[in-house]
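Please open the structure in a viewer and keep the selection tool at hand. The tour proceeds by stops, each with something to select and something to look for.

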Amino acid sequence: MIVLPLLCGVALAAGLIDAIAGGGGLLTVPALLVAIADPRLALGTNKGQAVFGSGASLLSFVRAGRVDKKRFWPTFLAAGLGSAAGARALLAARAEVLRPIVLVLLIGVAVFFAARGRRRPKEQTSEGTPPPAREPWAIATRRPLATAAVIALVIGAYDGFFGPGTGTFLILLYTTVFGDDLTRATANAKVANFASNLAAMVSFALAGRIDWRLALPMAVAQAVGGVLGARAAVKGGEQLIRSVVLLVSLALAARLAYQILAGS
C-alpha cells in the first residue's frame, strides 16, 4: 500500500522528464530494482509501464507535426528489432550476473550525464520541413534513412537489455547527425523509444517477466506524465533534469555496490 503510490509518483515524474529530454528510466529502473529483487522482473516491469508513457508522448508530438515522417518507419522497425534482441539477451542472462552489469551500465550513464556538453541547437522557424544541417556540430549524411535505422537498431538493442538514458542518447545523436532542433529531436526520439519499449514489453510479457500489479498503475501515471511533458516542452529544464537523473543513477549505483559487497 505504501510502495505502489510511491512507484506511481516516480512514474509520473519519469513520464514528464522523459518526454522533455529523455532519461525517465533513470527514475523508474532504480525504484523498481529496490521494490523487486529479480533484475529481470524489475526491468521487464519497467517496460510494461514505460511503453504507455512513450506512446502517449509520441502521439502528442505527432499531432503537433514535430515527427519526421520519412524517418518514422525505418526508425520504428529497426528499434523494435534491436530491442527484441536486447530483451532476449537479458532474459538469457542469470539473475546473479545482472546486478554487476546493471551497476556498470548505471555508472556509465551517470558519467555520460556528468560529461555531457551544455550546447543546445537552435530552434527551427518553419514547421513541416526537415531542419537544415548547417551548424558546425551537425554531421552531414547522404543516407539519412539508413543512418536513422542503424542508430535505432543499436540504441534499441541497448534499450531492450537495459534502457535508462535511451531517449537522451537518441536526442544527442539526432541533433549531431541530422541537425534536428531540440524539440524535433525529442519528437523523433520518441518513435524509436516507443518501438523499443513495445518490442521489449512483448518479449518480457511472453516470458512472464512483468509484474502487472505494479506495471499497470504505473503505466497510467507514466502516460499522464508523458502527455504533460510533451505539451510543455520546457526549454530551460534540461540542466535540472540532467542533474536529477545523475544523482539518481549515482545513488542506485552506490546501493547496488553495497548489496554486491554485502552479499560477497
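The stops below lead from the whole chain to single helices and residues.

**The whole chain**

Begin with everything displayed, bearing in mind that this is a predicted model. Colour by secondary structure: 10 helices appear, and 0 strands. The order along the sequence is accordingly α-α-α-α-α-α-α-α-α-α. Of the 264 residues in the protein, 53% are buried. If a surface is drawn, about 12,100 Å² of the protein is exposed, and 69% of that area comes from carbon and sulfur atoms. Contacts across the sequence are also worth attention: of those between residues at least 6 apart, 84% join residues at least 24 apart.

**The annotated spans**

Next, select residues 72-91, 97-115, 150-175, 187-207 and 240-258, which an unreviewed UniProt entry annotates as "transmembrane region". Two of these spans may be examined individually. Residues 72-91 are 100% helix and 0% strand, with end C-alpha atoms 28 Å apart. Residues 150-175 are 85% helix and 0% strand, and their end C-alpha atoms lie 16 Å apart.

**Helix α6**

Select residues 144-161, which form helix α6. The 18 residues of α6 reach 26 Å from the first C-alpha to the last, close to the 26 Å expected at 1.5 Å a residue. Which residues of α6 are buried? They are Ala-148, Ile-151, Ala-152, Ile-155, Gly-156, Tyr-158, Asp-159 and Gly-160. Beyond the helix, select Gly-163, which follows α6 and has a positive phi near 115°.

**Helix α7**

Move on to residues 166-177, helix α7. This helix has 12 residues and reaches 16 Å between its first and last C-alpha atoms, close to the 16 Å expected at 1.5 Å a residue. Why may α7 be described as largely enclosed by the rest of the structure? The reason is that 9 of its 12 residues are buried. To see them, select Thr-166, Gly-167, Thr-168, Phe-169, Leu-170, Ile-171, Tyr-174, Thr-175 and Val-177. After α7 comes Gly-179, where phi is positive, near 75°.

**Tyr-174 and the nonpolar core**

Keep Tyr-174 selected and display its surroundings. Apart from residues up to four places away in sequence, Tyr-174 touches Arg-71, Thr-75, Ile-151, Gly-179, Asp-180, Ala-185, Asn-188, Ala-189 and Ala-192. Tyr-174 also belongs to the largest nonpolar core, which has 52 residues. Those with the most contacts inside this core are Leu-32, Val-67, Ile-151, Leu-170 and Tyr-174. Helix α8 supplies the largest share of the core, 10 residues.

**Helix α8 and Asn-197**

Select residues 182-206 to display helix α8. Its end C-alpha atoms are 36 Å apart, which agrees with the 36 Å that 25 residues should span at 1.5 Å a residue. The helix is mostly covered, with 20 of its 25 residues buried. Just after α8, Gly-208 takes a positive phi of about 70°.

Within α8, centre the view on Asn-197. Is this residue buried or exposed? Asn-197 has a relative accessible area of 3%, so it is buried. Its side chain is joined to that of Lys-47 by a polar contact of 3.0 Å. With neighbours within four places in sequence left aside, Asn-197 is in contact with Lys-47, Ala-50, Val-51, Ser-54 and Asp-159.

**Gly-80 in helix α4**

Select residues 69-92, helix α4, and locate Gly-80 within it. Gly-80 is buried, with a relative accessible area of 15%. Leaving out neighbours within four places in sequence, Gly-80 is in contact with Ala-195 and Ala-199. Then add Leu-153 to the selection: 73 residues separate it from Gly-80 along the chain, while the two C-alpha atoms are 7.6 Å apart.

**Ser-60 in helix α3**

For the final stop, select residues 39-63, helix α3, and find Ser-60 there. The relative accessible area of Ser-60 is 18%, and the residue is buried; the cut-off for this term is under 20%. Not counting residues up to four places away in sequence, Ser-60 touches Val-227 and Ala-230.

Notes: Residues numbered from 1 in each chain as written. Predicted model: local features only at pLDDT ≥ 70, side-chain atom pairs only at ≥ 80, totals over all residues. Heavy atoms only, no water. Helix = DSSP H or I, 4+ residues; strand = E, 2+ residues; numbered from the N terminus. Expected span 1.5 Å × (residues − 1). Buried < 20%, exposed > 50% of the residue type's maximum accessible area, 1.4 Å probe, protein only. Polar contact = N/O pair within 3.5 Å; in protein donor to acceptor, adjacent residues only side chain to side chain. Contact = heavy atoms within 4.5 Å. Core = buried A, V, L, I, M, F, W, Y, C linked by side-chain atoms within 4.5 Å. UniProt positions renumbered as here; feature names shortened; annotations may be inferred. Areas by Shrake-Rupley, 256 points an atom, 1.4 Å probe, with all protein chains shown as cover.
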